[in-house]
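User: Please take a close look at the salt bridges in this structure, and at the surroundings of the residues that form them. I would like one connected account rather than a list.

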Amino acid sequence: MKKFNFRKVLDGLTASSPSSNSAGGPGSGSLPPGASGGALREEIQETLTSEYFQICKTVRHGFPYQPTALAFDPVQKILAIGTRTGAIRILGRPGVDCYCQHESGAAVLQLQFLINEGALVSANSDDTLHLWNLRQKRPAILHSLKFNRERITYCHLPFQSKWLYVGTERGNTHIVNIESFILSGYVIMWNKAIELSTKTHPGPVVHLSDSPRDEGK
């Protein structure tokens with residue numbers, strides 16, 4: 001067992017004390033008469049080890065560091081904030097404050113609530129989609145979907161729809177079934193979404209919206 005060096009502790013305390021002096025008084029760090037450092041080292045042994053301690057975070061305060069994405073559920077009135085380090089913080093009424101972390105640590109590009117359903121979709125910079133369950137005490141990932149051939153740039157989930165539209169850097173739009181979280185075989189290719197007379201590539205998808213006049217568009 002490792003022995004506890006009592007003399008070093010005393011020397012450290014007296015060295016940091018403003019009342020310490022070199023006269024050998026109470027603040028000089030000398031041991032009581034008749035007591036030797038060797039005797040103390042023999043009698044006092046350290047019984048506390050690292051196994052008795054654990055470092056943990058007890059509180060988080062303020063707005064999340066390096067935010068990259070926001071989403072809001074207007075029915076349940078909860079706000080989700082994604083960060084560059086892959087963290088998500090969910091805030092609501094007083095007492096509602098949840099924190100979760102993507103294991104990959106990839107930055108959160110976009111967040112989409114399933115309105116009033118207690119679920120959240122996150123799109124990360126490693127081209128992965130995640131479906132979070134918010135109905136339990138601690139949010140957890142239900143499904144994940146990895147894009148291998150194209151990079152994700154934008155996502156859109158129409159209200160009460162089971163189809164998630166995923167735009168990519170190639171200008172294409174893929175469709176994901178939100179219930180099974182499986183990629184549909186149907187793809188809106190970039191050359192089908194623009195005028196046929198356009199020959200040049202328009203670039204990545206930067207935004208998607210459903211038509212206010214036609215829900216099917």
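Analyst: Arg-89 is buried in this predicted model, with a relative accessible area of 10%, and a salt bridge joins Arg-89 to Asp-97, where the closest N and O atoms are 2.7 Å apart. Asp-97, for its part, is partly exposed, because its relative accessibility of 44% falls between the limits of 20% and 50%.

The structure holds two salt bridges, and the other one pairs Arg-151 with Asp-127, with 3.1 Å between the closest N and O atoms. This pair links distant parts of the chain, 24 residues apart: Arg-151 belongs to the loop between strand E8 (140–146) and strand E9 (152–156), and Asp-127 to the loop between E6 and E7. Here the acidic residue is the buried one, since Asp-127 has a relative accessible area of 9%, whereas Arg-151, at 41% relative accessibility, counts as partly exposed.

Asp-127 deserves a closer description. The loop that carries Asp-127 runs between strand E6 (119–124) and strand E7 (128–133). The side chains of Asp-127 and Arg-151 are also joined by a polar contact of 3.1 Å, and the Asp-127 side chain reaches the backbone nitrogen of Ile-152 at 3.0 Å. Once its neighbours within four places in sequence are left aside, Asp-127 is in contact with Leu-145, Lys-146, Phe-147, Glu-150, Arg-151 and Ile-152.

Two other kinds of feature can be set beside these charged pairs, namely the cysteines and a nonpolar patch. The count of disulfides comes to zero. For Cys-98, the closest cysteine sulfur is that of Cys-100, and the distance of 7.6 Å is too far for a bond, because a disulfide requires sulfur atoms within 2.5 Å. Cys-98 is partly exposed, with a relative accessible area of 22%, while Cys-56 counts as exposed at 56% relative accessibility.

As for the surface, Leu-48, Tyr-52 and Phe-53 make a nonpolar patch of about 390 Å². Within this patch, Tyr-52 lies in the loop between helix H2 (37–43) and strand E1 (67–73), and Tyr-52 counts as exposed because its relative accessibility is 59%, over the 50% limit.

Note on methods:
Residues are numbered from 1 along each chain as its sequence is written. This is a predicted model: local features need pLDDT of at least 70, side-chain atom pairs count only at pLDDT 80 or more; totals for chains, interfaces and linings use all residues. Side-chain values use heavy atoms; hydrogens and water are left out. Buried means under 20% relative accessible area, exposed over 50%, partly exposed in between (1.4 Å probe, protein chains only). Helices (H or I, at least four residues) and strands (E, at least two) are DSSP runs, numbered from the N terminus. A polar contact is a pair of N or O atoms within 3.5 Å; within protein, one must be able to donate a hydrogen and the other to accept it, and residues adjacent in sequence count only if both atoms are side-chain atoms. Contact means heavy atoms within 4.5 Å. Patches are made of residues with over 30% relative accessible area and no salt bridge: like charges are joined within 9 Å, nonpolar side chains (Val, Leu, Ile, Met, Phe, Trp, Tyr) within 5 Å. Accessible areas come from the Shrake-Rupley method with a 1.4 Å probe; for residues, only the protein chains shown count as cover. A salt bridge is a side-chain nitrogen of Lys or Arg within 4 Å of a carboxyl oxygen of Asp or Glu.
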